[in-house]
Amino acid sequence: MKRPSWDEYFSRIANDVAARSTCVRHQFGAVIVNDRHEIVATGYNGPVRGAIHCIDVGCLKDKKGIASGTGHDVCQAVHAEQNALLQAGKLSRGSSLYVNAFPCRICARLIVNAGIARVVTSGDYTDREGLEILKGVDVKVEHINL
């Protein structure tokens with residue numbers, strides 16, 4: 001039996017968190033972990049609190065023919081990274097964020113300003129601008145395959 005690395009372990013947890021998503025297009029999960037390997041917060045993508053879920057009424061972006069990775073201003077969802085950062089607050093400073101996709105450019109900006117030191121991705125996403133933002137300010141970005 002091979003024991004998973006910390007990155008594999010937390011990336012798998014991010015995948016499990018994603019299972020709570022109610023998005024009909026993508027199920028994303030995020031986990032923020034401090035330097036002691038303690039989970040600080042988790043988040044998954046879905047509508048704002050109290051709003052109707054897309055799995056119940058359909059996807060507005062699908063109805064309008066908006067491509068994946070674009071139209072963030074049209075979608076009512078809060079991204080997985082955003083939900084995790086909201087939960088973590090100042091505890092996210094210096095932590096690692098695990099996400100099963102590439103952070104979009106909006107999430108990348110929030111990740112930087114929250115003080116996240118390292119982002120580990122284990123999936124893919126069409127919007128790659130976020131990766132460039134993170135790398136441009138020296139946030140460590142690593143990708144692992146599960």
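A pocket, in this tour, is an open set of grid points at which a 1.4 Å probe fits, with protein on both sides within 12 Å along at least five of seven lines. The model on display is predicted.

**Stop one: the largest pocket**

Begin with the largest pocket, which holds about 340 Å³ of space. Select Tyr44, Gly46, Pro47, Arg49 and Asn83; of the 17 lining residues, these lie closest to the pocket centre. Next, colour strand E2 (39-44), strand E3 (46-47) and helix H4 (80-88), since each of these elements supplies at least two residues of the lining. By class, the pocket lining comprises 9 polar, 6 nonpolar and 2 charged residues.

**Stop two: the largest cavity**

Now turn to the enclosed space. The model contains 1 cavity of 30 Å³ or more, and the volume of the largest cavity is about 240 Å³. To centre the view there, select His26, Phe28, Asn45, His79 and Tyr125, the closest to the cavity centre among the 21 residues that line it. The cavity lining divides into 12 nonpolar, 6 polar and 3 charged residues.

**Stop three: Asn34**

Select Asn34, in the loop between strand E1 (29-33) and E2. Is Asn34 buried or exposed? Its relative accessibility is 14%, and buried means under 20%, so Asn34 counts as buried. Display the polar contacts of its side chain. One reaches the backbone nitrogen of Arg36 at 2.9 Å; another, of 2.8 Å, joins the side chain of Asn34 to that of Glu38. With neighbours within four places in sequence set aside, Asn34 is in contact with Val40 and Ser95.

**Stop four: helix H5**

Finally, select helix H5 (residues 105-114) and show the side chains of its buried residues, Cys107, Ala108, Ile111 and Ala114. Why do these buried residues lie on the same side of H5? They cover an arc of only 130° around the axis, which puts them on the same side of the helix. An α-helix has 3.6 residues a turn, so residues three or four places apart point the same way.

To see what covers the buried residues of H5, add H4, strand E5 (96-99), strand E6 (118-121) and helix H6 (129-136), which are included in that cover. H4 thus appears at two stops: it supplies residues to the lining of the largest pocket, and it is part of what covers the buried residues of H5. End the tour at Gly115, just after H5, where the backbone takes a positive phi of about 85°.

Definitions and conventions
Residues are numbered from 1 along each chain as its sequence is written. This is a predicted model: local features need pLDDT of at least 70, side-chain atom pairs count only at pLDDT 80 or more; totals for chains, interfaces and linings use all residues. Side-chain values use heavy atoms; hydrogens and water are left out. On a 1 Å grid over the protein atoms alone, a cavity is a set of points where a 1.4 Å probe fits but cannot get out, and a pocket is an open set with protein on both sides within 12 Å along at least five of seven lines; lining residues have an atom within 4 Å of a point. Grid points are joined across faces, edges and corners, and a volume is the space filled by probe spheres set on the points. Helices (H or I, at least four residues) and strands (E, at least two) are DSSP runs, numbered from the N terminus. Ala, Val, Leu, Ile, Met, Phe, Trp, Tyr, Cys and Pro count as nonpolar, Asp, Glu, Lys and Arg as charged, and the others, Gly among them, as polar. Buried means under 20% relative accessible area, exposed over 50%, partly exposed in between (1.4 Å probe, protein chains only). The arc is that of the directions from the helix axis to the C-beta atoms. Contact means heavy atoms within 4.5 Å. A polar contact is a pair of N or O atoms within 3.5 Å; within protein, one must be able to donate a hydrogen and the other to accept it, and residues adjacent in sequence count only if both atoms are side-chain atoms.
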